[in-house]
Amino acid sequence: MLRSSIFTITLVILLPSVKATGQVPAEQLVPLPDFAGYEPEFSQMMQAMIGELGGREEESRGTGMEFLYYESVEAEVRVYTTSLSVDEVRTKYFDLFIEQFKAQGVPSEAMPELKRFLDDEVIEEIESEPMVQVDPDMLEGYYREMGAETGLQWLECYRTLHPELQNKRSRSFIIDMDERRLQKQDTGEPLAEFTLVEVEVQQPFIDPIGCIIEDRTAITYTVYRMVATDE
């Protein structure tokens, strides 16, 4: 609780002009990966897929025992790639956050808690998992049911690479940050909408454009506009 409070208070001090939601630039929540190259075709494909398959849903506790529900009404996807390992990317991102805090005037006495907060609650630990987790036939049924034409195009590549993927594992981690961190705790009012940034980092990854397994690291930077719902 102490770490979250210090982090929130610091950001509110840095962004005193932010009074309405949905106004914080995404890169102010999570820095863009200036150490990686932007992939326009890959980004367009991922943008199309998220449009076909739907965005993201969130749940958070309101006042008392009440839960608030949010769903994304807009999403923007940018994909970057780099020759850096997933471990190096995690370190780079940690450094980007710290540099941004310093540039915005975060007091030195707040830095130790902010660093621990990044490690504990913002930048996840790296995990390893099999690259094949879902049967292609199951995916095809799901994509057809959703009418996901882009998903079916990606699936053709997935089927082609499936034998090679069987014995491969990927290493990945997630960065998750949203605008609710900037809400002053004394308002007592939940946000009606907010910006949420999710960054997924994976190595190796499937390049759907060239239909190859890339031993590089992909960084998928997604910005959601979340709006409260009645359900």
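**Close-up 1. Glutamate 76 is partly exposed, with a relative accessible area of 39%.** This is a predicted model, and the first stop is strand β3 (residues 67-82), where glutamate 76 is found. Its side chain has a polar partner in the side chain of arginine 78, with a contact of 3.3 Å. Further along the chain sits threonine 222: 146 residues away from glutamate 76 in sequence, yet the two C-alpha atoms are 5.6 Å apart. Threonine 222 is also among the residues that glutamate 76 touches, along with Gln47, Tyr221 and Val223, once residues up to four places away in sequence are set aside.

**Close-up 2. Arginine 56 sits in a loop and is paired with aspartate 176.** The loop in question runs between α3 (40-53) and β2 (57-61). Loop or not, arginine 56 counts as buried because its relative accessible area is 15%, and the cut-off for buried is under 20%. Its side chain makes a polar contact of 2.8 Å with the side chain of aspartate 176. Leaving out residues up to four places away in sequence, the neighbours that arginine 56 touches are Tyr70, Glu71, Ser72, Asp176, Leu196, Glu198, Tyr224 and Met226.

**Close-up 3. The largest nonpolar core has 32 residues.** The members touching the most other members are Val30, Tyr93, Phe97, Ile175, Val199, Ile219 and Tyr221. Two or more residues apiece come from α2 (26-29), α4 (86-103), α5 (111-122), β5 (169-178), β6 (193-203) and β9 (217-229). Helix α4 supplies the largest share, eight residues. Zoom in on tyrosine 93 and, beyond residues up to four places away in sequence, you'll find it touching Val30, Pro31, Leu32, Pro33, Phe35, Ile123, Ile175, Val199, Ile219 and Tyr221. There is also a second, separate core of 16 residues, with Met49, Leu139, Leu161 and Ile206 among them.

**Close-up 4. Helix α5 has its buried residues on one face.** Look for Met111, Glu113, Leu114, Phe117, Leu118 and Val122, which are buried in α5. Down the helix axis they fall within an arc of 155°, so they line one face.

**Close-up 5. Helix α6 (residues 136-146) has a buried face and a capped end.** Pro136, Leu139 and Tyr143 are buried here. Seen down the axis, the buried residues of α6 stay within an arc of 60°, so they line one face of the helix. Their cover includes α3 and α7 (149-165). Flip to the other side of α6 and you meet Asp137, Met138, Arg144 and Glu145, which are exposed. At the N-terminal end, aspartate 135 does the capping, with a side-chain oxygen 2.8 Å from the backbone nitrogen of aspartate 137. Just after the helix, glycine 147 adopts a positive phi of about 70°.

**Close-up 6. A disulfide joins cysteine 157 to cysteine 211.** The S to S distance is 2.4 Å, and the count for the model comes to one disulfide. The torsion about the S-S bond is about 110°, so this disulfide is right-handed. The pair links distant parts of the chain, 54 residues apart: cysteine 157 belongs to helix α7, while cysteine 211 lies in the loop between β7 (205-207) and β8 (212-214). As for accessibility, cysteine 157 is buried, with a relative accessible area of 6%, whereas cysteine 211 is partly exposed, at 24%.

Key:
Residues numbered from 1 in each chain as written. Predicted model: local features only at pLDDT ≥ 70, side-chain atom pairs only at ≥ 80, totals over all residues. Heavy atoms only, no water. Helix = DSSP H or I, 4+ residues; strand = E, 2+ residues; numbered from the N terminus. Buried < 20%, exposed > 50% of the residue type's maximum accessible area, 1.4 Å probe, protein only. Polar contact = N/O pair within 3.5 Å; in protein donor to acceptor, adjacent residues only side chain to side chain. Contact = heavy atoms within 4.5 Å. Core = buried A, V, L, I, M, F, W, Y, C linked by side-chain atoms within 4.5 Å. Arc of directions from axis to C-beta. Disulfide = S-S within 2.5 Å.
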